[in-house]
Amino acid sequence: MADGWSRAQRRLHWTTAWLVAAGFALGWIMVAVPLRDLLTKFLLFQLHKTIGLIVLAFALWRLAMRARRGRPATDADLTGRERRAAAAGHAALYALLLIVPALGYLTASTAPAGVPTLFLGVIPIPGIVGPNPAWYAVLRVVHRWAAVALVALAAGHALAALRHHRRGRAVLLRMWRG
Ligand code: HEM
Ligand code: HEM
């Protein structure tokens, strides 16, 4: 059991939160941009995909760090039910941080348009599967709803953190400043 969240764990947590918010907003914006603004649409898609792949890499990094270093003990004031709810919520958040980008990657790979995925706008990321309209039709919807579930769960998680903070518990402060 670690003493507190390390600086790296805290930085990754907050950077991920910003990246998920930005990637989610960009997702809706980029699909709404008309095809006549092709360059803007292309650039927004590349930015969206780059952000999503960074979220995936950060989630794997966080899980590796957590396995090596652990996490601080849950606040002693929490009831057994609160503790179980927090653990289940965190597990679901980690799962969605992996699942949403993985589904996005599969959506991009199966898209009939066959637009390449360029990480940071320059590094080509090969698709493990080729264009497939039937799979794309399913994957894009599943990717969209998994992203909605991630953001909804993260919002509930943030509200829970703020509620603990208002009750004078150090949960939020130790994730903020260590
Ligand atoms: C945290 C990570 C991510 C979030 C929150 C996210 C969220 C979203 C959202 C909200 C949309 C718009 C939904 C729609 O109307 O289709 C979308 C679309 C899309 N995303 Fe992501 N995404 C993430 C990661 C990725 C990654 C890593 C890739 C690919 C490498 C990707 C590829 C796509 C593609 C290709 C679409 C357009 C699908 C279509 O044609 O409708 N996403 N994403
Ligand atoms: C997309 C946004 C977010 C995601 C994906 C996310 C994800 C997570 C995950 C997976 C953990 C568990 C860490 C672990 O046990 O290794 C965690 C912890 C935490 N998060 Fe978030 N989070 C997000 C946004 C926020 C926001 C906006 C707040 C506060 C307003 C917040 C406050 C906290 C706090 C205080 C902890 C530590 C909980 C504890 O000590 O048990 N998070 N977060």
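Begin by selecting ligand 2 in this predicted model and displaying its surroundings, where 20 residues form the shell, the closest being Ala17, Val20, Ala154, Ala158 and Met175. If you then colour by secondary structure, the elements that contribute two or more residues to this shell turn out to be H1, H3, H4 and helix H5, which covers 171-176. Colouring by residue class instead divides the shell around ligand 2 into 13 nonpolar, five polar and two charged residues.

Move next to ligand 1, which is surrounded by 24 residues, with Gly27, Gly52, Pro101, Gly104 and Ala147 as the closest. Here the elements giving two or more residues are helix H1 (7-32), helix H2 (38-69), helix H3 (80-110) and helix H4 (133-166). By class, 13 residues of the shell around ligand 1 are nonpolar, eight are polar and three are charged.

With both ligands located, step back and show the whole protein chain as a cartoon. Its secondary structure amounts to five helices and two strands, and, read from the N terminus, the elements follow the order α-α-α-β-β-α-α. The C-alpha trace spans about 55 × 25 × 25 Å along its principal axes. Of the 178 residues in the protein chain, 16% count as buried. If you draw the contacts between residues at least 6 apart in sequence, 72% of them join residues at least 24 apart.

The next stop is a pair of helices. Two packed helices are described by the angle between their axes and the distance between the axes. Select H1 and H4, which pack at an angle of about 140° with their axes 11 Å apart; these two helices are therefore oblique to each other. Their crossing is left-handed, and the contact is made by Val20, Phe24 and Gly27 on the H1 side and by Ala147, Leu150, Val151 and Ala154 on the H4 side. Six of the residues in this contact of H1 with H4 are nonpolar, one is polar and none is charged. It is worth keeping the ligands displayed here, since the contact list includes Val20 and Ala154, both among the closest residues to ligand 2, and also Gly27 and Ala147, both among the closest to ligand 1.

Now hide H1 and H4 and select H2 with H3, a pair that packs at an angle of about 145° with axes 9 Å apart. The crossing of H2 and H3 is left-handed. From H2 the contact takes Lys49, Gly52, Leu53, Val55, Leu56, Ala59 and Leu63, while from H3 it takes Tyr94, Leu97, Leu98, Pro101, Ala102, Gly104 and Ala108. By class, the contact of H2 with H3 has eleven nonpolar, two polar and one charged residues. Gly52, Pro101 and Gly104, which belong to this contact, are also among the residues closest to ligand 1.

For the last stop, centre the view on Ala59, which is placed in helix H2. Is Ala59 buried or exposed? With 21 other C-beta atoms within 10 Å, Ala59 is buried, because 20 or more such atoms are needed for a residue to be classed in that way. Leaving aside residues up to four places away in sequence, Ala59 touches Tyr94, Leu97 and Leu98, each of which also takes part in the contact from the H3 side. Finally, draw a distance from Ala59 to Arg36: the two residues are 23 apart in sequence and, C-alpha to C-alpha, 36 Å apart in space.

Definitions and conventions: Residues numbered from 1 in each chain as written. Chains lettered and ligands numbered in written order. Predicted model: local features only at pLDDT ≥ 70, side-chain atom pairs only at ≥ 80, totals over all residues. Near = placed C-beta within 6 Å. Helix = DSSP H or I, 4+ residues; strand = E, 2+ residues; numbered from the N terminus. Nonpolar A, V, L, I, M, F, W, Y, C, P; charged D, E, K, R; others polar. Axes fitted to C-alpha atoms, helices over the stretch in contact; angles between N-to-C directions. Parallel < 35°, antiparallel > 145°, perpendicular 65-115°, else oblique. Left-handed = near helix turned anticlockwise from the far one by under 90°. Contact = placed C-beta atoms within 7 Å. Buried ≥ 20, exposed ≤ 12 C-beta atoms within 10 Å, placed from the backbone.
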